[in-house]
Amino acid sequence: MIEQPGLTMVATPRANLEAVLERCKHQGMRLSPQRRAILDLLCNSENHLSAGAIYQQLTQAGQPVGYSSVYQNLEALARKEFIEVLKDGSGNRYGWRPDSHHHFHCTRCGVILDVDLPDTVARFNEQIQGRVDRCRVDLYGVCAACEMP
């Protein structure tokens, strides 16, 4: 975890895969072995991954899956909002975190970190004297690993 005044960046917490699978079943989504493998990888990853990285990691782990299958499953999971999609200069990156959060993008290495900005929505609501239901803030800069000499 990286902490700075008013800003806390956390790696994506290890998710409860069973809860995600149960949510998929409840909403009528078919759970093929490939879809389960993709969800397992995303739920246990601390990074936001490209379709290519997901394909590569699944292949290296011995999971039989085609690249087009990975892409199609990611799109289906994203449409139902089981996973999040972030668009950056290199294409789509996929992640999973169930709570409201924001993102820090390292402009050197490309890593995307989940960020908690406490009371962000409450502050917006106060400023606009209305109601923001949800928001997403993208921060750009250099991560701690890239800052080190």
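A residue counts as buried when its relative accessible area is under 20%. In this predicted model, C43 has a relative accessible area of 0%, so C43 is buried. C143 has a relative accessible area of 6%, so C143 is buried as well.

**Cysteines**

How many disulfides does the structure hold? The number is 0. A disulfide needs two cysteine sulfur atoms within 2.5 Å. For C43, the nearest cysteine sulfur belongs to C24 and is 8.5 Å away. C43 is therefore in no disulfide. For C143, the nearest cysteine sulfur is that of C106, 3.7 Å away. That distance is also over the cut-off, so C143 is in no disulfide.

| Cysteine | Nearest cysteine sulfur | Distance |
|---|---|---|
| C43 | C24 | 8.5 Å |
| C143 | C106 | 3.7 Å |

**Tyrosines**

Now to the aromatic rings. A pair of aromatic rings is described by the distance of the centres and the angle of the planes. The structure holds 1 aromatic pair. Its rings belong to Y55 and Y67, with centres 5.7 Å apart. Their planes stand at 80 degrees, so the pair is edge-to-face. Y55 sits in helix α3, residues 51–60. Y67 lies in helix α4, residues 67–79. The two tyrosines are 12 residues apart, and the pair links distant parts of the chain.

Are these tyrosines buried, exposed or in between? Y55 has a relative accessible area of 31%, so Y55 is partly exposed. Y67 is at 44%, so Y67 is partly exposed too. Both belong to a nonpolar surface patch with Y71. Together, Y55, Y67 and Y71 have about 300 Å² of accessible area.

Methods. Residues are numbered from 1 along each chain as its sequence is written. This is a predicted model: local features need pLDDT of at least 70, side-chain atom pairs count only at pLDDT 80 or more; totals for chains, interfaces and linings use all residues. Side-chain values use heavy atoms; hydrogens and water are left out. Patches are made of residues with over 30% relative accessible area and no salt bridge: like charges are joined within 9 Å, nonpolar side chains (Val, Leu, Ile, Met, Phe, Trp, Tyr) within 5 Å. Accessible areas come from the Shrake-Rupley method with a 1.4 Å probe; for residues, only the protein chains shown count as cover. A salt bridge is a side-chain nitrogen of Lys or Arg within 4 Å of a carboxyl oxygen of Asp or Glu. Helices (H or I, at least four residues) and strands (E, at least two) are DSSP runs, numbered from the N terminus. Buried means under 20% relative accessible area, exposed over 50%, partly exposed in between (1.4 Å probe, protein chains only). Rings of Phe, Tyr and Trp (its six-membered ring) pair if their centres lie within 6.5 Å; planes under 30 degrees apart count as stacked, over 60 as edge-to-face and the rest as tilted.
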